[in-house]
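Student: Please take a close look at a single part of this model, the place where the two chains meet, and then follow the aromatic rings from there.

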Amino acid sequence: MIPTLQRSGSGSTQSPRSPSSQEPFLSVSVIDPAKMGNGVQAYISYKVITKTNLPDYQGPEKIVIRRYSDFVWLRDRLFEKYKGIFIPPLPEKSTVEKFRFTAEFIEMRRQALDIFVNRIASHHILQQSEDLRIFLQADEQTMERARSQEIGIFKKKPADLMQIFKDVQSKVSDVVLGKEKPVEESTPEYEKLKRYIFELEDHLAEAQKHAYRLVKRHRELGQSLSEFGKAVKLLGTCEDNALGKVFSEVGDKAEIVSVKMQREAHHLLMNFEESLKDYVRAVQSIKATIAERANAFKQQCELAETIKFKEIDLNKLRLTRSEKLADAEREYDVLKADGEEATRRFEAIVQLMNEEIVRFQEQKTLDMGLAFHEFAKGQAHLANGIAEAWRSLLPKLEACASS
Amino acid sequence: MMGSENQEGGEAHLQASREEMESLVLDGDDGRDHIGNSITSQSYANYRSAMTTLSSSFAASHHPLSFPTPADSDPLLSPPSPQPPLLKSPNSPKPRTTATDDPHHLDPPSYADVVSNPLDDNIEANGGSESPSQHSENSTSSFSRSPFSSSDYLEIVVSNPQKEAESSKNSIVPGNNAYVTYLITTKTNISDYGGSQFSVRRRFRDVVTLSDRLSEAYRGFIIPPRPEKSVVESQVMQKQEFVEQRRVALQKYLRRLAAHPVIKKSDELRVFLQVQGRLPLPTSVDVASRMLDGAGKLPKQLLGDSRSVMGPQDVVQPAKGGRDLLRLFKELKQSVANDWGASRPPAEEEDKEFLDKKQWLHDLEQHLTNASKQAEALVKAQQGLADTMGELGLAFIKLTKFENEEAVLNTQRVRAADMKSLATTAVRASRYHRGLNAQTVKHLDTLHEYLVLMLAVHNAFSDRSSALLTVQTLLSELSSLHSRAEKLETASSKIFGGDKLRIRKTELKDTIRVTEDAKGCAIREYERIKENNRCEIERLDSERRTDFVNMLKGFVTNQVTYMEKIGIEWTKVAEETNRYAKETA
């Protein structure tokens, strides 16, 4: 059992920090996106660097090459094995061809993948996963073999997945509306949690939408400032020396401010909008876990029902002293064991989820706090920069005006 | 030009969220914050509409009358929005002396005098009370105009549009011909006007008359062009919006006239502003009637009726606007000869300086058009950013409320508090951005104003060309008359007289004399117009330099002022959230 590892920085773009002591550590980074292949089959590969002193791992450092579908494989495996834990979310598969290879998209994806792996590596249960070790250590051929064998929940058609979500959602609303269905967990706290998760997603999605638009607005303003600056410079060519120079300087300054705008747009995108997107994805991952819990509960209930019926059958058989009794009793024992297993599984999920929720909320406070900080810092930096840039022109304008 | 941008959710959504912002009550650490009025902006339609809308609601929410600044300068506290003033004058921001009503409108630092517009909007319809902040310097519509001698001013307000019905017995079209009249109130200290404050009611037709009479009387001057007629007047007139637009346009036009150092003292303008009842200026006759009149006279002219000769009194007006078709034809023939003729015309535009200036003005116009377009785009983009920032803030406020209501763990409450800090600052920043944009619109309006003026410059130059054409035509005519006279002389020396010949010679001598006189007049007129051109161009140059400098200064100053404030707000939040940076660094 590996004790809880030191948290490595999530979202860091630098190479992993070296440890200062001899306690066990596992530090991962995803870097160096590179375009591979041509045409329709082109894809991006990433370098995944693992620095560790764990015995199971080839240390101190190992570098492997991975692509997006490898990350998907890891996520699916973890989701299958660790029900009840909120598996860290992955960035979406890009559907729009022309964005797939823009520098911005690649950087956004790399950042998200880095955060993904790091969250797994710093989760006290998930970090012990064998699949993680394979992902971080196996050579490319082994990885490819593993990947092609995968039959996971996310290999199902998206329609099925949506159906699961819809079921959970409708069940929530059913209960809320008072239409209780028997095979549904309905403790008030759990209901509250489900409602909270669903509403939270809506709120977050809206905030993220506006955040993305804000990025666009910064870009647009930057663009129009640049154009305006050029127009002002042209206008200045009609003026004589002193005034003409002033026009020219205003035009130049507008260009400088425009560049600042574009920079802030990028900063906003990477540090704020992406954080919100990540938050939304995390909530969606929780919804998947909720679906798993519902499944487990359903199984447990169904088995309990089956066991009940079996008991009735058994008693009947006992009374009639049938020869089928022995078989029936054996079956009954198996069922009982299954039932207990199902109950164990379900209760494990419940237990894990309770811990995970707390962990999730605390983590999100930190993540959001950082995102807000970055937002405010960026905006302050931009505003102050703009003020400073224009301020430098004022003495000259003043001189011109009074002459 | 700029079509409405179809935002996701559409305009209704935008309005809704803006109303949300306006009615939002935030529980702040500093007590109850009431978010007061925010500047309404309709849509991302064209520059002019953006300008008027922004400015008008801006003016409406910054009523300069006696609303004291709250002593507490917390930007979220603002006094309740007062009733919009009786007379909305969108083009003038509040006077400098009134302190900020909405703290989100900031007075730039003291070195920025440009933002002040001393123009007083609050002349009551009945010519009542004075506004507290009356400045006597500028009487122009755009505050960035260079000040004239502060001794005389002429301030005009157009207001109170009213529908009136024309009595049907006088009109050709049966039924009532409804038209709109506007109340025009003037305040002045120019001695010619006698009184100091007075009002008249005028309709648009009167404005057209005024404009036409001024063009005739002030040839060669750069006269501000009047607002356009509407093609389908009676249909369009029903709409409130159109009437309001026209009122604004009329006010702008009259103020521009009042700003012109020569025209402000003209009889035409004075009579328009002052004389009650029917406008005592000769009305413009439409083209069709003129043509009909001219066509009637044409046969006589062609038959050589001496009354058809161009007399000195005729040449002081261009051929185009008159009834003299023959003269029109002659000048047309002359201009064709100028363009296609093998020989040079009798007199030429020789003033190289003028030609250079013309070229320079052409370039200026092109650059102005471009700059005006880019300014429009800039304003639109600034507005977009302001709005989206506000929407983001609102979305986070909703999230904050949600987390607080649903909180099970304390960490959720902490997050909600962080979120709220961000959200309120975003809303605040949004309003600062809006304020900045409103000011930007005002400053960059100078570009648009000068574009309009370019049109007037073209008119002034064409006054000059048509006067030159008249001179050229007369010169050609004279030379042909002279050659006819020579021929008659040689003919009469060969043939023994006869009364007919003598009569013809006398008639020809008369014609030549009259034409010589006319030529003299025409030349004098041409020179006069040239001189007017020169003076006006000089005036334009010096005004333009001042106005452009002020425009740039105003623009830059506003950016500095608002960005400083915005920077301060965000720095606060960055400091508050600093602990997160350290934790995950």
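Tutor: What follows goes from the interface to the ring pairs and ends with two backbone angles.

The model is predicted, and for that reason local features need pLDDT of at least 70 and side-chain atom pairs count only at pLDDT 80 or more, while totals for chains, interfaces and linings use all residues. Residues are numbered from 1 along each chain as its sequence is written, chains are lettered from A and ligands numbered from 1 in the order in which they are written, and side-chain values use heavy atoms, with hydrogens and water left out.

The contact (heavy atoms within 4.5 Å) draws 68 residues from chain B and 64 residues from chain A. Between them the two chains bury about 6,100 Å², and 72% of this lies on carbon and sulfur atoms; buried area here is the accessible area, taken with a 1.4 Å probe, that two parts lose on being put together, summed over both. Of the area that chain B buries against chain A, 10% comes from F402(B), R415(B) and L552(B), which is more than any other three residues supply.

Across this interface the rule finds six salt bridges, a salt bridge being a side-chain nitrogen of Lys or Arg within 4 Å of a carboxyl oxygen of Asp or Glu. R545(B) forms a salt bridge with D240(A), with 3.8 Å between the closest N and O atoms. The side of chain B that touches chain A receives at least two residues from each of helix 10 (352-406), helix 11 (410-494), helix 12 (499-576) and helix 13 (578-584) of chain B, where helices are DSSP runs of H or I with at least four residues, strands are runs of E with at least two, and both are numbered from the N terminus. Helix 10 of chain B gives the most to that side, with 26 residues.

Turning to the rings, the structure holds 17 aromatic pairs over all chains; rings of Phe, Tyr and Trp (its six-membered ring) pair if their centres lie within 6.5 Å, and planes under 30 degrees apart count as stacked, over 60 as edge-to-face and the rest as tilted. F71(A) and F116(A) form a tilted pair, 6.3 Å centre to centre with 55° between the planes. This pair links distant parts of the chain, since F71(A) is in helix 1 (residues 68-81) of chain A and F116(A) is in helix 2 (residues 103-121) of chain A, 45 residues apart. F71(A) is buried at a relative accessible area of 0%, and F116(A) counts as buried at 1%, where buried means under 20% relative accessible area, exposed over 50% and partly exposed in between, with a 1.4 Å probe and protein chains only. The rings of F71(A) and F135(A) have centres 4.9 Å apart and planes at 70°, so this pair is edge-to-face. F135(A) lies in helix 3 (residues 130-137) of chain A, 64 residues from F71(A). Ring pairs also link F272(A), F372(A), F375(A), F396(B) and W570(B) into a cluster.

Finally, the backbone: most residues other than glycine have a negative phi. D32(A), in strand 1 (residues 26-36) of chain A, has a positive phi near 55° and counts as partly exposed at 41% relative accessibility. N160(B), in strand 3 (residues 154-166) of chain B, likewise has a positive phi near 55° and counts as partly exposed at 33% relative accessibility.
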